[in-house]
Amino acid sequence: MRLALFQPDIPQNTGAMIRICACFDLGLDIIHPTGYIFNKKNIKQAALDYVESVSLTEHDSWELFLENNKDKRIILLSTKGKVNYTKFDFKKDDFLLVGRESAGVPDKVFNSVHEVITIPMSENSRSLNVAVSAGIVIAESRRQFEKWQSNKKKLRESGLRNSEM
């Protein structure tokens with residue numbers, strides 16, 4: 001799984017998401033333009049030394065990101081999503097896409113992803129911080145992957161194949 005940031009505007013959030021990716025061993029994609037000068041020096045201030053342990057790919061535009069990842073499933077995390085993230089089945093090669101902190105994603109992005117998921121919140125709340133949201137959903141995807149690996153191990157140990165269950 002990889003985390004993709006669509007035109008992030010707050011370097012501290014980008015830094016937090018770099019740290020999340022480092023801790024969960026995920027790659028990170030930045031879709032430009034960003035709302036700040038994006039370079040290693042500026043990001044290192046926000047991400048500390050975690051940036052060195054993350055596979056970071058930059059894309060000059062949404063169109064180039066799509067072109068470079070046309071065989072991948074892109075899952076948008078949005079307050080406008082209809083699918084609860086805990087009910088969604090993640091795949092190891094998914095991209096989890098988050099939008100700009102200030103505006104989310106434009107319609108052309110929203111309408112071109114494979115699925116839009118959401119984190120249920122109180123009716124009195126607008127949204128969670130984008131880095132917090134990414135961390136919540138990434139933790140759920142990790143839980144699903146570990147459960148899948150555990151079930152696969154149990155199958156091997158029992159001598160059963162998937163078709164026999």
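Glutamine 7 is buried, with a relative accessible area of 16%. The cut-off for burial is under 20%, so glutamine 7 falls on the buried side. The model is predicted. Glutamine 7 sits in the loop that joins strand 1 (2–6) to helix 1 (11–24). Its phi is positive, about 45°, although the residue is not a glycine. Most residues other than glycine have a negative phi.

A second residue shows a positive phi. Aspartate 25 is not a glycine, yet its phi is about 55°. Aspartate 25 belongs to the loop between helix 1 and strand 2. Is aspartate 25 buried or exposed? Aspartate 25 is exposed, with a relative accessible area of 68%. The threshold for exposed is over 50%, so 68% qualifies. Glutamine 7, by contrast, is buried.

Helix 1 lies between these two loops: glutamine 7 is in the loop from strand 1 to helix 1, and aspartate 25 follows the helix. The helix has 14 residues, and at 1.5 Å a residue it should span 20 Å. Its end C-alpha atoms are 20 Å apart, which agrees. Which residues of helix 1 are buried? They are Asn13, Thr14, Gly15, Met17, Ile18, Ile20 and Cys21. In an α-helix there are 3.6 residues a turn, so residues three or four places apart point the same way.

One of those buried residues, Ile20, meets a residue from another helix. Isoleucine 138 is part of helix 5 and touches Ile20. Its other contacts, leaving out residues up to four places away in sequence, are Leu3, Phe24, Leu26 and Leu96. At 2% relative accessibility, isoleucine 138 counts as buried, because the cut-off is under 20%. Tyrosine 85 is 53 residues away from isoleucine 138 along the chain, and their C-alpha atoms are separated by 9.8 Å.

Now step back to the whole chain. The protein chain holds five helices and seven strands. Along the sequence they follow the pattern β-α-β-α-β-α-β-β-β-α-β-α. Among contacts with a separation of 6 or more, 76% join residues 24 or more positions apart. Of the 165 residues, 41% are buried. The chain exposes about 9,700 Å², and carbon and sulfur atoms supply 49% of that area.

The loop after strand 2 has its own feature. The peptide bond from histidine 32 to proline 33 is cis, with omega near 5°. Most peptide bonds are trans. Proline 33 lies in the loop between strand 2 (27–31) and helix 2 (40–47).

The last stop is the largest pocket. About 580 Å³ of space lies in it. Of the 27 residues that line the largest pocket, Ser78, Thr79, Arg100, Gly104 and Ser127 are the closest to its centre. How do the lining residues divide into nonpolar, polar and charged, and how many are in each group? Twelve are nonpolar, ten are polar and five are charged. Strand 4 (74–77), helix 4 (107–110) and helix 5 (130–158) each give at least two residues to the lining. Helix 5 thus appears in two parts of this account: it supplies residues to the pocket lining, and it contains isoleucine 138.

Notes
Residues numbered from 1 in each chain as written. Predicted model: local features only at pLDDT ≥ 70, side-chain atom pairs only at ≥ 80, totals over all residues. Heavy atoms only, no water. Helix = DSSP H or I, 4+ residues; strand = E, 2+ residues; numbered from the N terminus. Buried < 20%, exposed > 50% of the residue type's maximum accessible area, 1.4 Å probe, protein only. Contact = heavy atoms within 4.5 Å. Areas by Shrake-Rupley, 256 points an atom, 1.4 Å probe, with all protein chains shown as cover. 1 Å grid on protein atoms, 1.4 Å probe; cavity = no way out; pocket = protein on both sides within 12 Å on 5 of 7 lines; lining within 4 Å. Points joined across faces, edges and corners; volume = space filled by probe spheres on them. Nonpolar A, V, L, I, M, F, W, Y, C, P; charged D, E, K, R; others polar. Expected span 1.5 Å × (residues − 1).
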